[in-house]
Every structure is written in C-alpha cells, then in structure tokens.
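Q: I'd like a close look at one spot in this model, the surroundings of a single core residue. Could you walk me through it and then work outwards from there?

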Amino acid sequence: MVGPTWLYAVAAALIFVAAIVVAVVQAGGSEDSPAAAAGAGAQQSEPAADGAPDQQAAVQQAGAQTAAQQPAPQQQASTPSTAEPDETPADPQPAAEPEEETDPLLGFTMPLAGACVSGQAGHWPGAARAYRNDGIHEGLDFYSGTACIVVDLSTPVLAAKAGTVIRADRDYVDVTPDDWARFEAAGFAGEEILDELRGRQVWIDHGRGIITRYAHLSAIAAPIFAGVRVEAGAVVGFVGESGQRESYAAPGSDLHLHFEIRVGAGWLGEGLEPVAGRALYLAAFGLSEE
Ligand SMILES: [Zn+2]
C-alpha cells in the first residue's frame, strides 16, 4: 500500500504542477488581449457615445452607395462589348461559344422581317448571271412578289445574326453610266467590279469565318459603322438597288435585298446546284423544305 500511495501522491503533485503551468501559460497568453480588448473597447465606446448614430448612418450610406454602385460596374462591363467590340471578343467569346457546341451555319434570322426564301431559281445562290458573262449569283435575293412581303425603299434590312460590323458604305457613291461602260469594257470581270455591282453594302463578321453581306442598300442605318457590335435583328440599313444599272436607268424598278452568307474565302452554296444552295439557306434560317 505504501508504494501505490506514494505514487498517488507524486501523480497528484505532477497534476497540480501541470495545472499551475497551464494556468500560467493561459494567463500569460491572454494577458495582452483582454487589456487590448478593454483598451479598444474604451476607445470605441468613447466616440461611440457621440458619434454612433452618425457612424451608423455613414455605414448605411456607404452600404447604399455600394449597392447603388454595384449595377454600374456591370453596365460598364457590358457597354464595351457593344461599343468597343474590337477589344472584348478575344476573351469572352471563345469561353461563351465553344466551337464544338454550335454549327456556325445555323441560327440565322431573316434579314427582312416576315420574309420567306424565294421559290424562284434565279434568286438562289449558284444561279447564272448572264449579263455578267457567265457570272454566278453568290447569294439570295429578296424581291416583292417572291419574298412574302413588300420589299421597297422603306424596308429595313436586319442583321441575320449577332456580330461585328466590318464594313458600312456610309460614303457610297452611286454608279453612273460611265461606270457601267467601264464594267462592260472589262467584261464584268474582277472582284473589284463585282464589289461595285453589289452597290452600297454592310458586312457583318460573326466569327469562325462566317460573314454576312447586305447589298444594293439605299441607306445605312444611323448607328451602323465598322467596328460596331450588333445583335440579330438590328437594323443595318434599307433596301435599295444601288450598284445596278437600274439605279440610274430605271430608278425603283429593281428594288431588292441581295443577301450573302460568306464561308471562309467562299460563299454558302458555292459549287452546288442552286436548289442545294437554297436548301443550305433554308437550314441557316431554321426552315425546312417546302
Ligand atoms: Zn442578288
């Protein structure tokens, strides 16, 4: 019994010492913080007696300002994407539109509100253009009588998909009889003359090698300049007949929209029969064969 009792005594002594050590350590560790807390509390409470309402009001005002300011940065963040598209597309677009997810030749809307795709073969991509010496039509025409709507000088031309305007012929000069004589002398050959024949144009870059062209326009819409970002359905201009002989020889007799979907260096339907090219346009607009 002596052994265990002695051991108990030693154990009790060790526990007591340990408890003292713990108490000392705790006291030492907390020695500063209660004092600091008390000092801080005293410092806070003294001005708080007079300034608490003002401070609370200031905090509330600051909170209100922060809340009021929060939408502003979001607006500022979205504004450059519409006003300064040249900088923003590089980063956000690849993340927002992974190339694998959507077919770039689908998802277009009609460039004229309420229009349909002409059933007349001469209006289709790939159709012959005899006056241009074996020329080939590289787009789709929308005329009154075949486009399901009236198409005239007051008809707005709409962006067929969101994108960035890369060309807007705001300083376009109408072709003259002398120009036409020059075209004929050249046999309507060459991309430069072909471009003149499309008249006043707007081009929109939709990324991934897809560009839409809107040709023969009578006017360009006020907000449309090269570099402007547009959404699908935005008015880019108005139907006309610029670039054609009729524009001076018989004004008002050939009003229509010539619309092209360009694909890389070529055009939608290139190398195909016109009926097959038309089918690609129908698919682009989400329409089925009639
Ligand atoms: Zn055409």
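Q: Take leucine 112, please: where does leucine 112 lie, which residues does it touch beyond its sequence neighbours, and which elements give two or more residues to the core?

A: Happy to. Keep in mind that this is a predicted model, so let's begin with how far to trust it. The mean pLDDT of the chain is 78, with 65% of the residues reaching 70 or more. The stretch to be wary of is residues 28-89, where pLDDT stays under 50 and the model has 10 contacts beyond four places in sequence. Where pLDDT is low, predicted coordinates shouldn't be read in detail.

Now to your residue. Leucine 112 sits in the loop between helix H4 (92-96) and strand E1 (128-129). Is it buried or exposed there? Leucine 112 has 22 other C-beta atoms within 10 Å, and the cut-off for buried is 20 or more, so it counts as buried. Setting aside residues up to four places away in sequence, Leu112 touches Phe142, Ala147, Ile149, Val151, Thr155, Val157, Leu158 and Leu257. Take isoleucine 149 from that list: it is 37 residues from leucine 112 in sequence, yet their C-alpha atoms are 8.6 Å apart in space. Contacts that reach along the sequence are a feature of the whole chain: among contacts with a separation of 6 or more, 70% join residues 24 or more positions apart.

Next, the core itself. The largest nonpolar core has 40 residues, and Leu112 is among the members that touch the most others, along with Val157, Val202 and Val236. The elements that each give two or more residues to this core are strands E3 (140-142), E4 (156-158), E5 (163-168), E6 (202-205), E7 (210-215), E10 (235-238) and E11 (257-263), plus helix H8 (274-284). For scale, the chain has eight helices and 12 strands, and 26% of its 290 residues count as buried.

Two of the residues that Leu112 touches, Val157 and Leu158, take us into a sheet. Valine 157 stands opposite glycine 237 in E10, while leucine 158 has valine 235 of E10 as its bridge partner. Altogether E4 and E10 pair antiparallel over three bridges. Then comes E8, which is joined to E10 by two bridges, also antiparallel; there, alanine 219 is partnered with phenylalanine 238. That makes an open three-stranded sheet in the order E4-E10-E8. E4 and E8 (219-220) are its edge strands, each pairing on one side only. As a reminder, strands of a sheet pair through backbone hydrogen bonds.

Finally, the helix that contributes to the core. H8 has Gly277, Arg278, Tyr281 and Ala284 as its buried residues. Looking down the axis of H8, they fall within an arc of 110°, so they line one face of the helix. That fits the usual geometry: an α-helix has 3.6 residues a turn, so residues three or four places apart point the same way. The cover over the buried residues of H8 includes E3 and E11. Just after H8, glycine 286 takes a positive phi of about 75°.

Terms used:
Residues are numbered from 1 along each chain as its sequence is written. This is a predicted model: local features need pLDDT of at least 70, side-chain atom pairs count only at pLDDT 80 or more; totals for chains, interfaces and linings use all residues. A nonpolar core is a set of buried Ala, Val, Leu, Ile, Met, Phe, Trp, Tyr and Cys residues joined through C-beta atoms within 7 Å. A residue is buried if 20 or more other C-beta atoms lie within 10 Å of its own, exposed if 12 or fewer, and partly exposed in between; C-beta atoms are placed from the backbone. Helices (H or I, at least four residues) and strands (E, at least two) are DSSP runs, numbered from the N terminus. Two residues are in contact if their C-beta atoms, placed from the backbone, lie within 7 Å. The arc is that of the directions from the helix axis to the C-beta atoms. Two strands pair if DSSP finds at least two bridges between them. pLDDT is the predictor's confidence in each residue, from 0 to 100.
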